[in-house]
Each structure stands twice: as C-alpha cells, then as structure tokens.
Amino acid sequence: MIIVMSPNATKENLEKVVKKVEAAGLRTHISEGEEVTIVGVIGDKKKIANLEMNMMDGVEKTVRITEKYKLVSRNFHPEDTIVDVDGVKVGGKQIVVMAGPCSVESVEQLREAAKAVKAGGAQFLRGGAFKPRTSPYDFQGLAEDGLKMLRQVADEEGLKVVTEIVDKDDMELVGKYADIYQVGARNMQNFQLLKALGKADKPVMLKRGLSATISEWLNAAEYIMAGGNERVILCERGIRTYETFTRNTLDLSAVAAVKELSHLPIIVDPSHGTGRWQMVQPMARAAVAAGCDGLIIEVHPHPEVALSDGDQSLTPKNFNRLMEDLGKIAAVMERTV
Ligand code: PEP
Ligand code: MN
C-alpha cells in the first residue's frame, strides 16, 4: 500500500502516520518529493489489508498495489531516480555511455579500447573479468588480474569501471576495483547474489534475464532495494524469442514500460541485444529515441581476434561515428550524450 500525504500535511501528521503503520507491525519507506510526500507500507499482506489510514489527518489517499515490487515502483517514488556514481549521474539529462570490450584480454587490448571509448565520449569502461560462458571450454576471463587492469586503465583515462560479478563471495574483490557491479542476464534471478548486493555500498546495474518478463526483472531489482541499496540501474539486453537472425530480440518497448512502472534509470545494450555489430548503431539510435538513460556498447580494437563477442563489437571508428549520431538524436530528446 502507498499513502499519499496531502500537500499541506504537517510534519506531525506524517509522524502520526508512520507511528500507526509501525504500531501495526509494518515498515515504512518515505519518499519526499517536491510536491508530495509518499509513505510506502511494507510488510505482511494481511496486516496491510487491515490497515485503515484514509481518515487520518494529512492523508490525501491510499493506493493498494497489486504488483509485488514496491520500492522499485513509480507509485512509491513518482520522480525519476538519478543514480550517482561518484559524480557521474545516471538518469539525469545526460545519456551515459559505457563502452569497452566484452572481456578484458590483456592490458594492451584494454588500453587501446579505453582510449577509443574515452575519445568517443564514454564515461564508463566496461569489460568482463569473470565471464559467464555457455561452454566451459570458452575463455572464462582473467579474474582479479582483469579487474586490476580495468581499474588501472580506467584511471589512466579518467573513466569509471563497470564489470560483472557472478558470485556473491566475490563482492569484496570486485568492489575493490569496480564503480558499478554488473549483474548479468544469467544471474538476474540469483537471489543470493541480489540479496548480497542489497548490502553493497556501490551501484548495481541489473541486466534483464534471458527470458525474463518485465515484472520478474523489476522484482529482481526489488531484492536489491529491499536490502537497502537504492542505487539500481536497469539494463535491457534483449530476450530470447523464436527469431534466430539476431542473437536476442532487443525489446525497446521495455524502455517505455520501465519508465511507466518504475523510477529507476534504464540503459540499453544493443550489442547483446542483437549480436551483430551492423545492428548496434541503428538500435543504439533507436534506444536514445525511446528515452533510455544510457547505453552499454561492446567496443574492441580488433573485433576479428576478440576472445568473446567479436561479432557484436564495434571498432573504435564505428563507435566514434555512432557517438556523433547519438548526439544529434539526444538533442531532439532535449538531452545530451
Ligand atoms: C556482457 O555484458 O558481456 C554479458 C555477458 O552480458 P549478458 O549478461 O547480458 O549476456
Ligand atoms: Mn559480451
């Protein structure tokens, strides 16, 4: 349930509301917006059903929520959330760009990629050090050596680091080097990992699962927020459909859906969303037009020799061209890149 306070409600009114909710054995989550204050009620469904709040002073109305997620819901938090990553804001006027290779392969490869993405205007360096691969015989990533390279090269270029975590026991290790924890599609419903990240003091970028509905995805985000970590960024990366021409079907309607249902920022991954470098540019342009808050794009200095995802990686030259196009589309959307 959410309780919408009237615009002229006093501090005392709010305190009484919170007291009554807590006395019923429930928890509150207060969201103070510029115009209205909203009190989210969290806890046992039966207790919430018995809670009568409409007659209290300062209460404008109460709204029963049918979806299970609450903290993630726009009903709870009508204004867009801006996730601050050490000064880089995700969800504001600027569309952020995270770019780099699928996997960290060597310091030389990473440096070449980092220079290119920095020159193109990206704010984040991406790169996997722990790679969830379909085959156990494929390159699995450089683990901590890769994380060290990411931090070193990103610092050289003045970029932030976003990298994947695949195991809750790696939280401290990955957190030592990363600015954002990436939860990959295959781990979207790894609830132990989500719960652990709920206690993290760093933002989390949560990718949509391979076949996850929007509701399942938002519930996964709720796990992180319910643990106390409010800095969650969603990432649409394509879902599995009957189509095989593309690696996945990039669901750009998810951008509009998430904007309606949630206050969290959403970024788009056209690289995994299509699996074909030729389609990355048009889909990235479309994502910006659809209203996304950022993009994550695979860029490799030499895609033909990449150890993973070369087919969907842009060359530095193509990345640069894309960034020029994105600037023009962002301007139409009254945003910047
Ligand atoms: C990746 O970003 O390299 C990756 C493995 O993505 P996803 O989890 O979306 O497949
Ligand atoms: Mn990849």
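How are the donor residues of the manganese ion (ligand 2) spaced in sequence? In this predicted model, the pattern reads C-x169-H-x25-E-x10-D. Two of these donors, His272 in helix 9 (residues 270-274) and Glu298 in strand 14 (residues 294-298), are 26 residues apart in sequence, so the pair ties together separate parts of the chain. The full set of protein donors is Cys102 through SG, His272 through NE2, Glu298 through OE and Asp309 through OD, and they sit 2.0 to 2.4 Å from the ion.

As for solvent exposure, Cys102 comes out as buried at 3% relative accessibility. His272 is buried too, at 8%, and Glu298 has a relative accessible area of just 1%, which puts it in the buried class.

Turning to the cysteines, the structure has 0 disulfides. Cys292 shows how a pairing fails: its closest cysteine sulfur belongs to Cys235 and is 9.7 Å away, so the two are too far apart for a bond. Cys292 is itself buried, with 0% relative accessible area.

Then there is the helix packing. Helix 10 (residues 277-290) and helix 11 (residues 316-332) have axes that come within 9 Å and cross at roughly 20°, so helix 10 runs roughly parallel to helix 11. The crossing is right-handed. On the helix 10 side, the contact is made by Trp277, Gln281, Ala284, Arg285, Val288 and Ala289. Helix 11 brings Asn318, Arg321, Leu322, Asp325, Leu326, Ile329 and Ala330 to the contact.

Terms used. Residues are numbered from 1 along each chain as its sequence is written. Chains are lettered from A and ligands numbered from 1 in the order in which they are written. This is a predicted model: local features need pLDDT of at least 70, side-chain atom pairs count only at pLDDT 80 or more; totals for chains, interfaces and linings use all residues. Side-chain values use heavy atoms; hydrogens and water are left out. Donors are N, O and S atoms within 2.8 Å of the metal (3.2 Å for Na, K and Ca); water is not among the atoms, so sites may look incomplete. Helices (H or I, at least four residues) and strands (E, at least two) are DSSP runs, numbered from the N terminus. Buried means under 20% relative accessible area, exposed over 50%, partly exposed in between (1.4 Å probe, protein chains only). A disulfide is a pair of cysteine sulfur atoms within 2.5 Å. Axes are lines fitted to C-alpha atoms, for helices over the stretch in contact, and angles run from 0 to 180 degrees between N-to-C directions. Angles under 35 degrees count as roughly parallel, over 145 as roughly antiparallel, 65 to 115 as roughly perpendicular and the rest as oblique. A crossing is left-handed if the near helix is turned anticlockwise from the far one by less than a right angle, and right-handed if clockwise. Contact means heavy atoms within 4.5 Å.
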